[in-house]
Structures are given as C-alpha cells and as structure tokens.
Amino acid sequence: MVSYSQVVNGISKYIDQEIVNKLQGWQRWALGAGTGIFLSKSGENFAQLKENSIVKMLGLIDENGMVDVDIIYSELRKQADKGAIVAEIPMIGKLTLTKDDVEKLYTCIKG
C-alpha cells in the first residue's frame, strides 16, 4: 500500500521521463503542462474515487486513503503480457504502452 501522494508523484515522474521527454516542439510543453494541471487537481478526483462502489468492492483504497498498487500492478501486468495497447492522445498522437511501461510506472510509484 502506498499513499495517494506517492501515486501522483510516481505518475508524474513516469510521464515526464517516459513520454514528455520523448516529444518535440509544442507537444512537449502541452503534455507537460496538461499533466501538471491534471495532477494538481487530482485530489478532488481521488476523493470521489475513494467513494466509488467498484473501488470499494475491490478494496483498492483503504480507509486511510492508502492505495493497493501491488494488486493493480499485478493485474495490469497480466494484461500487458498479452500484448501492447495503443492510445490516441489528443494533439499528441498515438501512444503505445507495453509491459515495460507497466514495470516503469510501478517502479516510479514504489520508489
């Protein structure tokens, strides 16, 4: 279990290292700024997420706000082992994520 701030900091670190740093031109600034804005407002979203019935049922966030990233990682890794996914990011383009990205993100969150 890790704190909410550890999750946010890990996501921010992963996006900076693995995505933003590989972009050129205005897309680099746009994604960097957009990520910063999104993560700065994520406290509100986290409060809502903690109350989500599915999140509660799965036990992903405990009563102290600690996030079970180990179970999330484990299940995401199983899916990533089946193959990469491609996401279309507005103004940025296609982003391919692999099992290596799951590993890197987990490492960024766990420290």
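This is a guided tour of a predicted model, moving from its largest pocket to an aromatic pair, the nonpolar cores and a few single residues.

**The largest pocket**

Begin by selecting Ile11, Tyr14, Ile15, Leu97 and Leu105, which are the closest to the centre of the largest pocket among the 45 residues that line it. The volume of this pocket is about 1300 Å³. To see which parts of the fold contribute, colour helix H1 (4–18), helix H2 (25–40), helix H3 (42–50), helix H5 (69–80), strand E1 (85–89), strand E2 (93–97) and helix H6 (99–110), since these are the elements that give two or more residues to the lining of the largest pocket. Among the contributors, H1 gives the most, with seven residues in the lining of the largest pocket. If you then colour the lining by residue class, you will find 32 nonpolar, eight polar and five charged residues.

**An aromatic pair between H5 and H6**

Two aromatic pairs are found in a search of the whole structure. For one of them, select tyrosine 73 and tyrosine 106, whose ring centres are 4.0 Å apart and whose planes meet at 20°, so the pair is stacked. This pair links distant parts of the chain, with tyrosine 73 in helix H5 and tyrosine 106 in helix H6, 33 residues apart.

While helix H5 is in view, select leucine 76, which is found in that helix. Leucine 76 is partly exposed, because its relative accessible area of 46% falls between the limits of 20% and 50%. From leucine 76, draw a distance to valine 102: the two residues are 26 apart along the chain, and their C-alpha atoms are separated by 7.1 Å.

**The nonpolar cores**

Which residues make up the largest nonpolar core? Select Val2, Val7, Phe46, Val55, Leu60, Ile61, Val67, Val69 and Ile109, which form this core of nine residues in all. Within this selection, centre the view on phenylalanine 46, which, when its neighbours within four places in sequence are left aside, is in contact with Tyr4, Ile61, Gly65 and Val67. A second, separate core has seven residues, including Tyr14, Val20, Leu23 and Cys108.

**Along helix H6**

Cysteine 108, one of the residues of that second core, lies in helix H6. Is cysteine 108 buried or exposed? Its relative accessibility is 13%, and cysteine 108 therefore counts as buried, the limit being under 20%. Show its surroundings and, not counting residues up to four places away in sequence, you will see that cysteine 108 touches Gly10, Lys13, Tyr14 and Gln17. A longer link in sequence can be drawn from cysteine 108 to asparagine 9, as these residues are 99 apart along the chain while their C-alpha atoms are separated by 8.0 Å.

Staying in helix H6, move to lysine 110, which has 34% relative accessibility and so counts as partly exposed. Once neighbours within four places in sequence are left aside, lysine 110 is in contact with Val2, Gln6, Val69 and Asp70. Of these partners, Val2 and Val69 are also among the residues of the largest nonpolar core. A line from lysine 110 to isoleucine 72 spans 12 Å from C-alpha to C-alpha, with the two residues 38 apart in sequence.

**Two further stops: H3 and H2**

Next select serine 42, which lies in helix H3 and is buried, with a relative accessible area of 8%. Apart from neighbours within four places in sequence, serine 42 is in contact with Tyr4 and Val8. Tyr4 is a residue already met on this tour, as one of the contacts of phenylalanine 46.

End the tour at tryptophan 26 in helix H2, where a relative accessibility of 48% means that the residue counts as partly exposed. A final distance can be drawn from tryptophan 26 to isoleucine 92, which is 66 residues away along the chain, with the C-alpha atoms of the two separated by 9.5 Å.

Methods. Residues numbered from 1 in each chain as written. Predicted model: local features only at pLDDT ≥ 70, side-chain atom pairs only at ≥ 80, totals over all residues. Heavy atoms only, no water. 1 Å grid on protein atoms, 1.4 Å probe; cavity = no way out; pocket = protein on both sides within 12 Å on 5 of 7 lines; lining within 4 Å. Points joined across faces, edges and corners; volume = space filled by probe spheres on them. Helix = DSSP H or I, 4+ residues; strand = E, 2+ residues; numbered from the N terminus. Nonpolar A, V, L, I, M, F, W, Y, C, P; charged D, E, K, R; others polar. Phe/Tyr/Trp six-rings, centres within 6.5 Å; stacked < 30°, edge-to-face > 60°. Core = buried A, V, L, I, M, F, W, Y, C linked by side-chain atoms within 4.5 Å. Buried < 20%, exposed > 50% of the residue type's maximum accessible area, 1.4 Å probe, protein only. Contact = heavy atoms within 4.5 Å.
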